[in-house]
Amino acid sequence: MTEMGGKVNGLYGLNLAPLMDLGNAGFYCSGIYVNNELFHDKDIFLEDYKQMNRSFKIYVYPHRRNDPFANVLLPVDFEPGGNYASESYFKKALMESHFITKDPAKADLFFLPFSITRLRHDRRVGVGGIQDFIRDYILNISRKYPFWNRTGGADHFYAACHSIGRSAMEKSEEVKFNAIQVVCSSSYFLSGYIAHKDVSLPQIWPRQGDPRNLASSKRKKLAFFAGSINSPVRERLLHSWRNDSEIFAHFGRLTTPYADELLGSKFCLHVKGFEVNTARIADSLYYGCVPVIIANHYDLPFADILNWKSFSVVVATLDIPLLKKILKGISSDQYLMFQKKVLEVRKHFQWHHPPVDCDAFYMVMYELWLRRTSVRVSLPVSKNPNH
């Protein structure tokens, strides 16, 4: 990060104190305009969002409840929970939504309904058998239906939140390189993930209602992190800030409630572990804490819709030793603007059953809508998908 006027800011490399105008449109800083709007273009989003809800249609490959792998192919019949719940929440919401069509001729996209999470825990398959299951599934639908073959899978998509979903496609390269992958492990650094084709699925630990003291000004800690040491990035954070009095980098079991730590901190750190993604960004937003993202090459969820610079701070992993300077270089006025946007954006990072307008489900659907093809391929007359 760069220093200007003796002050450091990790988000823009600029001193944010002078020439600030806290209007919604943005502000001028050292002669450079900085956009404070939550959306890149809210008017376009709202217009497109209405059109999506009116016309977007998804065809799901049909499977009966007595299918031997119904547990993998059908939505769960319970409320999803845990660290990888986003996959199950999305699938459950989609299958019950108005976006579903039983007429493939009306479909904009085709959903591959297998669940990576369920396959992992199915003793017949397990982690070692997922690649073969996916390969056989694609082979089966390509022989039974005409839809996959006409585009090579380019108008198909699947959803997965666990990182095993990435390696699951190793024996099905057409899925990896042609289909839309809606995945939590969305890194530019990975060869199997293609930005703008694939979709970053937010990893969200489901929570209900709103926490107490959400907009409280009693956030006495500068920054907070809790997690295991499972990456060189976290090791660097620990080395730099373990004993600091303002940045609380905690490893191991917390002795205080996690929620209280997030509610009592100005900034909450999302630090790369095994993968670039964790549930900590959604946790931060849920508890009204400004997220600090320390995960190089992370293709952030909804990045082509939302202006992440308006509600988060991105810090390169090499700049971890500068973390305190970066955060203290953010003026109190700019911090208040960050927090205001956090309180606005948090609804887009929550799951509900049934979904509510503009929540995580509808935001993912909008991302898929952006990736639909504008010209539908006509179906062969001779093939009936219901036979």
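## A walk to helix α1

Start with the whole protein: its secondary structure comes to 14 helices and 14 strands, taken as DSSP runs (helices H or I, at least four residues; strands E, at least two) numbered from the N terminus. You're looking at a predicted model, where local features need pLDDT of at least 70, side-chain atom pairs count only at pLDDT 80 or more, and totals for chains, interfaces and linings use all residues. Residues are numbered from 1 along each chain as its sequence is written, and side-chain values use heavy atoms, with hydrogens and water left out.

Keep everything selected for a moment. Of the 387 residues, 55% are buried, meaning under 20% relative accessible area, with exposed meaning over 50% and partly exposed in between (1.4 Å probe, protein chains only).

Now select residues 42-55, helix α1. Its 14 residues should span 20 Å at 1.5 Å a residue, and the end C-alpha atoms are indeed 20 Å apart; the expected span is 1.5 Å times one less than the number of residues.

Next, show the side chains of Phe45, Asp48, Tyr49 and Met52, which are buried. Look down the axis of α1: these buried residues fall within an arc of 110°, so they line one face of the helix. That arc is taken over the directions from the helix axis to the C-beta atoms.

What covers this face? Add α14 (360-370), which is included in the cover over the buried residues of α1; contact here means heavy atoms within 4.5 Å. Swing round to the other side of α1 and you'll find Asp43 and Arg54, both exposed.

Last stop: Asp41, which caps the N-terminal end of α1, with a side-chain oxygen 3.3 Å from the backbone nitrogen of Asp43.

Key: Polar contact = N/O pair within 3.5 Å; in protein donor to acceptor, adjacent residues only side chain to side chain.
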